[in-house]
Amino acid sequence: MADKKENSAKTVKAKEAKDKATLPPSGFRVAMREILRSKSACIALIIIILILLFTFGGSLFLNKAQVTEMNIADAYYGWGEAGHLLGTDDGGRDIMKLLMMGGRNSIMIGISVTLITEIVGLIVGLVSGYYGGAIDSVIMRIVDFVQILPQLPIIIVLTTVIRNYNAVILVFLIAMFGWTTTARYYRSFILSQRDRDYVLASKTSGSSNLQIMFREVLPNITSMIIIDVVLTIAGNIGIETSLSFLGYGLPTTTPSLGTLIGFADDPVNVINRPWLWLPATILLLVISLSINYVGRALQRAGDARQREN
C-alpha cells in the first residue's frame with residue numbers, strides 16, 4: 001500500500017515537472033533570447049550598459065560646481081594636454097567631466113519624458129480604444145489638434161518666457177506634446193483586443209470596465225509597452241539634444257550633450273577644435289544606434305511571426 005502511494009506521488013511529481021518543462025517561456029526570457037541571438041543587439045546592449053556606467057557611475061564622483069567652474073587660463077587645451085584626456089572648452093572646463101554629466105542629464109531627461117508620455121498615452125489610448133464610439137472620436141480629435149501644433153517653436157517660445165526655467169519644466173514641455181503619438185500607438189492595439197473572447201468572457205462574468213482594461217487587456221500588450229518605451233527614450237534624448245543645441249534646452253549652467261554639440265556652431269571649432277563637439281556627437285550617435293538595435297530585437301520578441309521558435 002505504501003509502495004503504491006509512493007509510486008503515485010512520484011508520478012504526480014514527474015507530471016508536474018513535465019508540465020513545467022513544456023510551459024512557454026516568459027516574456028523576459030523571450031526578449032533576452034532574441035537579444036542574445038542577434039550579435040548586433042547583444043553588442044548594443046553591452047554598449048548601453050557601459051554608457052550608463054560611464055555617465056551615471058562616473059558622475060557620482062563629480063561635483064557639479066567644480067565641473068562647471070570657469071577657468072580661462074585652461075581654455076582650449078587639446079586632446080590629452082595638461083591632464084585633460086578630451087581637452088577643455090572655452091571656459092577651461094574638462095570635456096570628459098562635462099561629457100559624463102551631460103550624458104547623464106540628457107539620458108535622465110529622455111527617461112523622465114518617456115515615463116510621463118507612456119503613462120498618459122497608455123491611459124488615453126486604453127480608454128479611447130476600449131470604449132470606442134463617441135468617446136474615441138472626441139479623444140482622437142483632441143489628439144489630432146495637439147499633433148498639428150508646431151512642437152519645437154512652441155517649446156522655444158515657452159522656454160524664453162517662463163521664469164525660473166529648469167530641467168523639470170523642460171521635461172514637462174516635451175511631454176506636453178509627446179503623449180499623442182503614444183496614445184495612438186496603444187489605441188491601435190486596444191482596438192484589436194477589445195472584441196477578443198477573453199474580454200467578452202470577462203464582461204459576461206460581471207467584471208467592471210476598469211478591471212477588464214487594467215487586469216485583462218493591459219497584460220496582453222506588455223511586450224508592445226516595453227518596445228515603445230525603449231524606442232521612445234532614444235527619440236526623447238534626441239529632442240532634448242536638439243533643443244539644447246539651439247540654445248533653448250537645458251540652462252547654460254547645466255551640462256548636456258546638446259550644449260557640447262553646440263560648439264560645432266562655430267566653423268573654427270569644427271575645423272581646429274574637434275575635441276569640443278566630437279565626443280558628444282559620437283556618444284549621442286552610439287546611444288541612438290544601440291537603443292535602435294535593442295529595440296529591433298524586442299520587436300522580434302513581441303511578434304511571434306518574426307522570431308524563431
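**Note on an all-helix predicted model**

1. In this protein, contacts between residues with a separation of 6 or more come to 70% from pairs 24 or more positions apart. The model is a predicted one, and the points below should be read with that in mind.

2. Secondary structure. The protein has 14 helices and zero strands. Read from the N terminus, the order of elements is α-α-α-α-α-α-α-α-α-α-α-α-α-α.

3. Confidence. Mean pLDDT for the protein is 81, and 87% of the residues reach 70 or more. Residues 12-26 are a stretch to treat separately: pLDDT stays under 50 there, and the model has two contacts beyond four places in sequence for this stretch. Where pLDDT is low, the predicted coordinates should not be read in detail.

4. Burial and surface. The chain has 309 residues, of which 39% count as buried. About 17200 Å² of the protein is exposed, and 64% of that area is supplied by carbon and sulfur atoms.

5. Nonpolar patch. Which residues form a nonpolar patch on the surface? They are Ile46, Ile49, Leu50 and Leu53, which together have about 390 Å² of accessible area. Ile46 belongs to helix H3, which covers residues 39-59. Its relative accessibility is 47%, so Ile46 counts as partly exposed; the cut-off for exposed is over 50%.

6. Ser290. This residue sits in helix H14, spanning residues 278-302. Is Ser290 buried or exposed? Ser290 counts as buried because its relative accessibility is 4%, where buried means under 20%. With neighbours within four places in sequence set aside, the contacts of Ser290 are Ala44, Ile47 and Ile48. Helix H3, as noted for Ile46, runs over residues 39-59, and the contacts of Ser290 at positions 44, 47 and 48 can be looked up against that range.

7. Asp136. Helix H6, made up of residues 133-148, contains Asp136. The relative accessibility of Asp136 is 10%, and it therefore counts as buried. Which residues is Asp136 in contact with, leaving aside its neighbours within four places in sequence? The contacts are Ser128 and Arg187.

8. Points to keep in view. Ser290 in helix H14 and Asp136 in helix H6 are both worth locating in the displayed structure, along with the patch that includes Ile46 and Leu53. For residues 12-26, pLDDT stays under 50.

Notes: Residues numbered from 1 in each chain as written. Predicted model: local features only at pLDDT ≥ 70, side-chain atom pairs only at ≥ 80, totals over all residues. Heavy atoms only, no water. Helix = DSSP H or I, 4+ residues; strand = E, 2+ residues; numbered from the N terminus. Buried < 20%, exposed > 50% of the residue type's maximum accessible area, 1.4 Å probe, protein only. Contact = heavy atoms within 4.5 Å. Areas by Shrake-Rupley, 256 points an atom, 1.4 Å probe, with all protein chains shown as cover. Patch = residues over 30% accessible without salt bridge, like charges linked within 9 Å, V, L, I, M, F, W, Y side chains within 5 Å. Salt bridge = Lys/Arg side-chain N within 4 Å of Asp/Glu carboxyl O. pLDDT = per-residue confidence, 0-100.
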